[in-house]
Structures are given as structure tokens and as C-alpha cells.
Amino acid sequence: MGSPVIKITFPFEPGVIYDSKERFAFWDSPNTIQWFKDRGYTLYQRIWDDSRATHTSFPTFPPDTDLVSKNQLVEAEGPYAYYDLETMDHYTCIKAPLRAREPTGKVVFAQDSLKRHVTIKLVRDDTDEYRVLRYLNQQNLEILKENCVIPVLELLPIEGFWFAVMPRVTNLLKMGNGDSPSQSFIFARCCCYYTFNVEGTLNLKRVQGMSYLHDHKIAHGDINITNVLVNHFSDTYMANEKRKILRHERSLCYALFDFDFSVMLPPEINKKEYRLPYDRSWGSFNISNDTSAGEYDYDPFVFDVGAMGVTICQLYQHLAEDLPFLAPLLDMMTTWDLERRFTAFEALQFFEKCLSEVSEENLSFTVSVGTRIVQRYNKYNRWENVPPEFAERWKAYKAPPIPWHLKMLRFIYRHSRNDHILPMIREIYDNSERFAFWDSPYTIQWFKDRGYTLYQRIWDESEAMDTSFPVHPSEVEFVEAEYPYACYDLDTMDCSKAPLRAREVTGKVMFAQDFLKRHVAIKLVQDDTDEYRVLRYLSQQNLDILKENCIIPILDLIPVEGFWFAVMPRQVLQTTALELASQSRKLFEDGDQASTTPDPGLSYLHDHNIAHGDINDTNVLVNHFSDMYLLDDRRTDLRSSKSLSYALFDFDFSTILAPEANKKEFRLPYRRSWGTFNVSYDTAAGEYDYNPFVFDVGAMGVSLCSWHQHLAKDLPLLAPLLDMMTTWDLDCRFTASEALRFFEERLSEVPEEDLQINVSNDIPGEYYMICNRWENIPPDFAERWKAYKTPPIPWHLKTLRFINEHSINYNIIPQTRLFFFRLSSMPRRFYRRICPPKITL
């Protein structure tokens, strides 16, 4: 009988709220246990509380009873860790030696064929975390030991994922009372460069620690004290004194781990020029202020050094009075002036140089944990009590005062409700670097070699403008191009100006003509993102299907290192209220109706597990363009002849799930809903997560309300339709297909003459939640569809929205609600403490 097949069926995406029960059930299933046993690993046994799986497990193979009775320290050979069998009572679970606790369900513990203890982590395939772990797996164990990086013993493949096997160690890392700086700086050295061998010697000829990672183009991305492991473990609930003995004997080694947020660049990429988008810095791992002024991108390698500097500040900055070199070292690792900040190797050099000047007796004073001053790294004055001559010697290394403009930007950003607005504004007004890239002769020739001639940029004296025009002019006044290309005309506001001017302010997009002089838009997209995956999927679809479904077609995807250029037909944003109005039906058309096309509209995206994430009327294009400064009357003629077609575009904020994922249960963290694209109130009461598919429908409903809700008196069907698309009760909200079904059925009941109303462009600007769409509709219709009317917002939801709206920090309410959600299990925990479960070991 062959080994069982195991498959990951639960959501496993970074930052997504998850159900740990699903993950625990996977690890505890007989198939999973047997699968690992067939590969030489025996998983720990989970401890159960009645019928509920706990976070805690213990080894299947019990330790030697003599070792238990003697409470002996077991010394394992590297890369495996020391361990001891001391244990203690804990109300959450049974008493057992070597208990391990892991609440996320990402990791399980096991013993190999020699009963050595290992950790097994689930890692998604084709991610930077996998690539880092694969690289470490290929390195010599001695090199990793010298550089204090966790070794990866084995990588086991399954469909779409890998299991990374590492030695079991622990991250319960503390500097105890009575430790001297000479012992504590073993960890400090590890902090500076993640390396210090057990003999305490240093070889500067070797690239070690953070320099080791950075020199191999690996940025960790999550530097903090909890991500440094030690080579000793015991009962997970013990504050073990044996670890202190190992530290004094210099037998305790440290290792960096947890590469969930890491980035690994190809060898040819210049890491000094590499940037990540600002929102990648968000999370509990962001302990510095590097992106707190609305910066729209950041250098992850500089960010690593800053995060490590903040970590060392938390532990040791109060010792600067006794060890003055900490003042310039920590200032240069955490300075707001990122151009001056130390690199990892520079921090190491400075640390070693200054440490060599300190006598051994000056390192022998006792450090008490109670003396540590809990003050933010950028508030504490580390220079206050250093000797004047030392301060004078290193004054150039002192962090200068934060300039007023940076303080102002940080204040604005801290008090902004929307964490995306300031980065977007700064990005728009700092586009010169991107323009220079598109306009460089090398880029122009690179695209020409691939069949595309970029538009020429318009210059104002020596300043690049955000406007460009075609290189190959057209001689025909009106061109009716075949799909997927758009028709266009040469009308312009000023005959002295170039026709077909295009404007793009962000520098993400450039316009061009292909070898047949057809007009296209080329967008730069980062590799290994949901936006790229959506565009890749669309590029593989039939053009007729995309046309019927009003989705922008992707003509070509051109690779460049770390990015892709997505080529699309040049179209233009719809510009009037009626343009979206005339196609609102088609955006919701569904193949379940008497339509000849399969799965159109929003249903098409959702049925393929794609959530758009940015539904609003500015993200609908039309298949006609001219001078972008001109409101062209020809578009009205095209609309009247039903030749104007529409397309959804802009997948910057989209999410694409694996085919097996259940989109009804999928959630994103609340922060992902913030931004100019968030037009609904779905997360306005401090919700800690949301369903992006439900969010899409709500956003589409709000957009339709903006243009059509005032027509409810003439077309009563709009009242129940829009209410059910925008209701605050998300469990009752229409799906895209339900909205379509209702719309089609009700529309078939409306006489043709009732649809011949004149619609004015003068649209009331009443917000969707305030407008009473039921006010003037016939009483019999209102009675028929009263169950579809949105009920009044309950008082508790109004209260939460009010508090969240007036809160200084918009993370407080979501975090509080999440806390109380988790607190709901407290009665069960209390019961376990009174009546602990018992099993026979």
C-alpha cells in the first residue's frame, strides 16, 4: 500500500485571518501522520481539552525515565539543540516533558528516525520564503552555524507547498538578572551581524550574519527579538534556569529564523536600488519609523538595519552611560537620514572596533533587567551621560534633529484615516525617476526591439511633463479600429498641439504603438504579486470572452528581472455619468441568464476566485480615445449607435485565490480595505477583517448609487437592488450573480416606454447611506419588496463607527475587537484550570 496523498485545502496567505482549527485538523489527520512517518518523521501528539484541540503537543517517543528522574541536561550534537526534561504544571494542558506550543498552525514538531527533535514548517511554493529556505538548505551546516542562521535540514514537496524541516530550538530569549555585558554582548554581536561562535572569536575575513544574508541578496524583513532562536529547549511553559548556565559557559548559540517576510533578489539585481512598496513594511514586524511619513517605497536592506538597531535599543540603549560606544552605534543604525544609516557590515566594523577599546573589567559589571528604561528609540537621549571627550570624538555619528517637514509629514500620516493617501500623493509628485526610466534611450530601444515604439514625452523647458504623444502620426481623422483596439479621432483642443496626447502621472504606465502603429498602454507590474497573477490569467483567455465580459484584454506580457510589462490596448476612462449608466447592466451580466456569453462581468472575476478590490467608476474604460484634454462628442455618437464598449481594468489591489479556496470563507485584514478605492462603510466600525468578494459587490453598489439612485422614483427596482448591494448586514448582501438575477427579472417586468426617460447629467450628490431610495416608489411595489429594504443601522454599529471615525489611531478598534473575539474562549480556559484534563503518558 502506497503512502497517502495529502493536500492543503485551507487558506494560507500572508496577513489573512485564519482558522487554526482547520490547520490543526490537517496536522492531526491520520493521512498526514502516516505521510510523515513514511518519510522518517513521527509527529508530536496534540494535547486535547475534551473535544477541542489545544496549541500544545508533546513528543510521541517518551524520553528515558532515568533522564527524567535526574532532570539531566541532554547534550545533542549540532545542529540539534540541548534540552532538559524539567516541567511544570500549567492550567492550559497536561504536564508532560518537552511540551511545545504553536498557535498559528503553520508549524508542527516531530522526531526523526533517530528520535532527534525537529520543527516542520509549511511554506507555499514559488515564494521568497521558499527560495530563502531552499538556499539555506544547500549551504554547509558549519557556515550556517558560524553565521547564526537556522539550518534547513530537508525540504519535502507536496502540491503547491513544501515542508521545511529544521532542528527544534526555541525563541524564548531573555537577558537574565546578573548577566554581565560580556555575556549579553554575545547576543548583541548576534544582533549586529547574527554571528558569534561559542568560543567568542571573530573572523572579519568571513562574511557573517546580516552581512551574510545581505551579501546573498536576502533581506529578512522581520527583524525583532522574537526571531532569534537559542540552541536549548525544554517545557515550553518553563522559564528555564539551565539556559542561563549555558550562556555563562558560552555554550548557548543563537540563530536567526522566520523568513515569512523575506525578500531574495536575483544575483544581478543591485540591492542598493531595490525598493518595496510601502505597505510591505506594515505589521507587528515594523518597529522603526522608516515609513511613518507616508513614504511610498523603502529599501528592505536599510529597513533591516533600522529594525535591528531598534531591537538593540530596546535591550541595551540604557547602558550607554557605562558603554558610551552604544550611543553612536545605535544612532547610526536608527537615524532618520537613511542615506547615512550604517549598513550591516559598517555596524559590525564600528561595533568590533569600539569593543576592542573597552577593557575586560569595564565589561564585568552586573546588568539588572529592572534597570532597563522602556522608552522609544527615537525619544531616548543616549548621549546624555557619555564622557564629553567621547561625545566630541563621535559627534558626526549623532543623529541630527528630525527636520520640521518630516515631523509634519509624520504627524499628518499618524492622524490620517486613510494610510494610502499620503504615499499615493508623494508618489505622484515624485515621479521623475520613473519618467527618466521610460525616456532613457536604452528603454526606448529595448521596447523597439520587441515591436513597440514608445510615445514621446512632452517637456516644459528642462522638466519632464506627465503628457506624451505618438511617434507615428495618423493621417486619418477618425480610425475605427477592430477589437481589441480602440477607435480614435484626431480632434484636439488647440491645433498647434499634438493629437492623441496621453497623460499618466504615476510613472507606472507608458503609451506606445506596435509594429502596425496600433495604440497600446504598457504597465509595469511587479513579479510574484496578485496583480501579475490576475494579468497572467487574463492573457490566457480568449479575446471574445473578455470582450463579452467587459474585462480589459492583456495582449502581451514581457518579462524583465523581477517585473513584467503588461501590454493592453490604449483606451480611456469613462468621463460622464451616463457612460457607466449605459453599461451598468452589462457589468453584471451573468451566463446563467438567457445570455449567449458565459460568466460575464463581476461574476466572471468572482467565479474565477478573483476579487477586484478597487471597484469604482474611474476604473471603467471605453474603447475610444482622442486628445486626453478633450471631451469628445464623437463618444456620444458611438454610444447612440451602441458601438461604445466598456472594460474593467486596474488590478493593483486585486486578490486571486487558488482554485480550491472557498471564497465565502476568505478574509483579508482590515488595513487592505483602506485607500481611495474604499467607497463603502464595510470596515468603518473597526472590523478586523473583511471578505473582498462581498466588499466588491458593496463597492459596485455604491458606484451605481452615485449615478442611479435618484432614478428610483422612475425605476422602482433600483431601490431594493441598491439596498441589497450596499446593506450593512453583510450576510444578507447580494452576490454579483444574485444582483444580476434580481435586476434581469425585475427589468423584464418594466414596460419599454418606462425605460425611455430622459436622464439629466445633473445628479444629486447624496451619499448612498443617506438617500431614501424608497421615498417615492409605488406603495404596492414597496410592500412586495419590503424584505429587501435595508433595516436601520443598529445602535451598537453606529457607536462603533462613531468611535472609529473620531479615534486618533485607526488600529485601536480593530485590534480591540479582535482581542475580545479571542477572549470569548476565556470561560473554557477557566474551566480547564479548575478541572484539568488527565491522560496517561
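This section describes the nonpolar cores, a buried strand, a short helix and an open sheet in a predicted model.

The largest nonpolar core holds 63 residues. Within this core, Leu-136, Phe-325, Leu-326, Leu-329 and Met-333 touch the most other members. Two or more core residues come from each of α4 (128–137), β10 (161–167), α7 (209–215), α9 (300–316), α10 (326–334) and α11 (344–356). Helix α9 supplies the largest share, eight residues. The core also draws on two domains: at least three residues come from domain 1 (1–168), and at least three from domain 2 (171–222 + 258–415). In soluble globular proteins, nonpolar side chains tend to be buried together.

Met-333 illustrates the packing. Leaving aside residues up to four places away in sequence, Met-333 touches Val-305, Gly-306, Met-308, Gly-309 and Ile-312. Arg-341, Phe-342 and Ala-347 are also among its contacts. Another core, of 58 residues, lies apart from the largest one. Its members include Tyr-532, Tyr-604, Ile-656 and Leu-718.

Strand β10 contributes to the largest core. Seven of its seven residues are buried, so β10 is largely enclosed by the rest of the structure. Both faces are covered. Phe-161, Phe-163, Val-165 and Pro-167 lie on one side, while Trp-162, Ala-164 and Met-166 lie on the other. Strand β8 (residues 117–124) runs antiparallel to β10 and is joined to it by seven bridges. Here Lys-121 has Ala-164 as its bridge partner. Strand β9 (residues 154–158) is likewise antiparallel to β10, with five bridges. In that pairing, Leu-156 is partnered by Phe-163. The β9–β10 hairpin has two residues between its strands, and Gly-160 adopts a positive phi near 80°.

Helix α16 (residues 441–448) has three named buried positions: Thr-443, Trp-446 and Phe-447. Viewed down the helix axis, these residues fall within an arc of 90°, so they line one face of α16. They pack against α15 (432–439), β18 (453–454), β25 (519–526), β26 (556–560) and β27 (563–569).

Helix α15 also packs on an open sheet. This sheet has three strands in the order β19-β20-β23, paired antiparallel. β19 (456–460) and β23 (502–503) stand at the edges. Each has a single partner strand, so one side of each is left without a neighbour in the sheet. Four bridges join β19 to the antiparallel β20 (residues 463–469). Arg-457 is bridged to Ser-468 of β20. Helix α15 touches both β19 and β20, and its direction makes about 130° with that of β19.

Conventions. Residues numbered from 1 in each chain as written. Predicted model: local features only at pLDDT ≥ 70, side-chain atom pairs only at ≥ 80, totals over all residues. Heavy atoms only, no water. Core = buried A, V, L, I, M, F, W, Y, C linked by side-chain atoms within 4.5 Å. Buried < 20%, exposed > 50% of the residue type's maximum accessible area, 1.4 Å probe, protein only. Domains from an automatic or database assignment. Contact = heavy atoms within 4.5 Å. Arc of directions from axis to C-beta. Pairing = 2+ DSSP bridges. Axes fitted to C-alpha atoms, helices over the stretch in contact; angles between N-to-C directions.
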